[in-house]
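User: I would like to learn how to read the main features of a protein model. Could we go through one step by step?

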Amino acid sequence: MHRMITAGCVLALGLLTPILAAQEKAADNPAIQKLNRDIPRHKEFLRRIEQSNGLGDIIFLGDSITHGWEGQKAWQEHFGSFKPVNLGIGGDQTGHVLWRITDGHELDHLSPKAAVIMIGTNNIGGHSAQQIAGGITAIVEELKRQKPDIKVLVLGVFPRGNALDAELGLDQITESMKPINEELKKETPDVKRLNALVRNLRQQRGTIPPAKLNKKVAEINAIIANLNDGNTVFYKDIGKEFLDQNGGLSGDIMPDYLHLSAKGYDIWGKAIKADMERLVR
């Protein structure tokens, strides 16, 4: 009898060990540690939600890139019919979003049919791709725990790069040099005008070549793509929509090679509008 009990305990411990190991591993992940975000914008969210009586078929969760939807013409144009709720806060990491939807109670009085998640870029400097993917996974799991019927669209982290790596194309340089050359041909060139033209050349937005785009983005996206279950959680990488035909990232789409221009938001809206229509049915 004693041997049977001992054997049973060993079996139970054997089954429990991987579970405990997984929990320990998760607990060690800094990207899932809640980070307090009790700031004015969070408080404003709570006021808006209360005033609207929880109106909204779709919520957008994210950082400054989501925050930036506010004031964009494309917001109403592509999502207005869904009564969207913007829950984006500049500077947010995965841990901030986790705090906001748990301790921060941002979802308590909302009953959305769908959620769009675009988070993780602010974690890139301090966390590994695996850790960031774990943080995104934790957000999806928490959403599903609180709102079992919600459909979740997880977007791949958008491409990004260092502005110092941006390069001007030959056409841009040639076009910009024309007025400079014309001024230099004059018998007495206007130095002030030349300086202004040179400053304008320096301020032109170039394109970051594909080889110099942040490589951790692709690593994160390869992991979170597995969140797609084809039923309630869907993954979509629209990053290619922001790149040119050669795979480069233009300053016309992302002026600082991280945040979107109005043109970039329009691209985003067009890329997921059909998904939204499908998820809120």
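Analyst: What follows goes from the overall make-up to one helix, the sheet, the cores and two loop residues. The model is predicted.

User: How many helices and strands are there in the protein?

Analyst: The protein has ten helices and seven strands. Of its 281 residues, 43% count as buried. The exposed area is about 15,100 Å², and carbon and sulfur atoms supply 54% of that.

User: What share of the contacts comes from residues 24 or more positions apart?

Analyst: Among contacts with a separation of 6 or more, 81% are between residues 24 or more positions apart. One pair of residues illustrates distance along the chain against distance in space: Ile132 and Asn221 are 89 residues apart along the chain, and their C-alpha atoms are separated by 9.8 Å.

User: Where is Ile132 found, and is Ile132 buried or exposed?

Analyst: Ile132 is found in helix α6, residues 129-146. The cut-off for buried is under 20% relative accessible area. Ile132 has 0%, so it counts as buried. Leaving out residues up to four places away in sequence, Ile132 touches Ala31, Thr94, Gly120, Asn123, Ile124, His127, Lys216 and Ile220.

User: What span should the 18 residues of α6 have, at 1.5 Å a residue?

Analyst: The expected span of a helix is 1.5 Å times one less than its number of residues. For α6 that gives 26 Å, and its end C-alpha atoms are 26 Å apart, so the two agree.

User: Which residues of α6 are buried, and what do they pack against?

Analyst: The buried residues of α6 include Ala129, Ile132, Ala133, Gly135, Ile136 and Leu143. Glu142 and Lys144 are also among them. The buried residues of this helix pack against strands β1 (58-62), β3 (114-118), β4 (151-155) and β6 (233-236), and against helices α5 (94-101) and α9 (215-224).

User: In what order do the five strands of the open sheet stand?

Analyst: The order is β2-β1-β3-β4-β6, and the pairing is parallel. β2 (85-88) and β6 each have a single partner strand, so these edge strands have one side without a neighbour in the sheet. From one strand to the next, the twist averages 20°.

User: How many bridges join the strands, and which residues are partners?

Analyst: Taking the pairs in turn, β1 and β2 are parallel and pair over four bridges, with Gly62 and Gly88 as bridge partners. Five bridges join β1 to β3, also in parallel, and there Gly62 stands opposite Met118. β3 and β4 pair over four bridges in the parallel sense; Ile117 has Val154 of β4 as its bridge partner. Helix α10 (residues 262-279) packs on the sheet and touches β1, β3, β4 and β6. The direction of α10 makes about 160° with that of β4.

User: Which way do the residues of β1 point?

Analyst: In a regular strand, side chains alternate between the two faces of the sheet. In β1, Ile58, Phe60 and Gly62 point one way, while Ile59 and Leu61 point the other way. Five of the five residues of β1 are buried.

User: Which residues have the most contacts inside the largest nonpolar core?

Analyst: They are Ile59, Leu143 and Val154, in a core of 34 residues. Helix α6 gives the most to this core, with eight residues. Leu143 touches Ile59, Leu61, Leu107, Ala115, Ile117, Ile150 and Val152, with residues up to four places away in sequence left out. There is also a second, separate core of 33 residues, which includes Ile58, Trp69, Leu260 and Ala271.

User: Which residues other than glycine have a positive phi, and where do they lie?

Analyst: Two examples can be given. Lys83 has a phi near 50° and lies in the loop between α4 (73-79) and β2. Its relative accessibility is 32%, so Lys83 counts as partly exposed. His105 has a phi near 60°, and its place is in the loop between α5 and β3. With a relative accessible area of 43%, His105 is partly exposed.

Notes. Residues numbered from 1 in each chain as written. Predicted model: local features only at pLDDT ≥ 70, side-chain atom pairs only at ≥ 80, totals over all residues. Heavy atoms only, no water. Helix = DSSP H or I, 4+ residues; strand = E, 2+ residues; numbered from the N terminus. Buried < 20%, exposed > 50% of the residue type's maximum accessible area, 1.4 Å probe, protein only. Contact = heavy atoms within 4.5 Å. Areas by Shrake-Rupley, 256 points an atom, 1.4 Å probe, with all protein chains shown as cover. Pairing = 2+ DSSP bridges. Axes fitted to C-alpha atoms, helices over the stretch in contact; angles between N-to-C directions. Core = buried A, V, L, I, M, F, W, Y, C linked by side-chain atoms within 4.5 Å.
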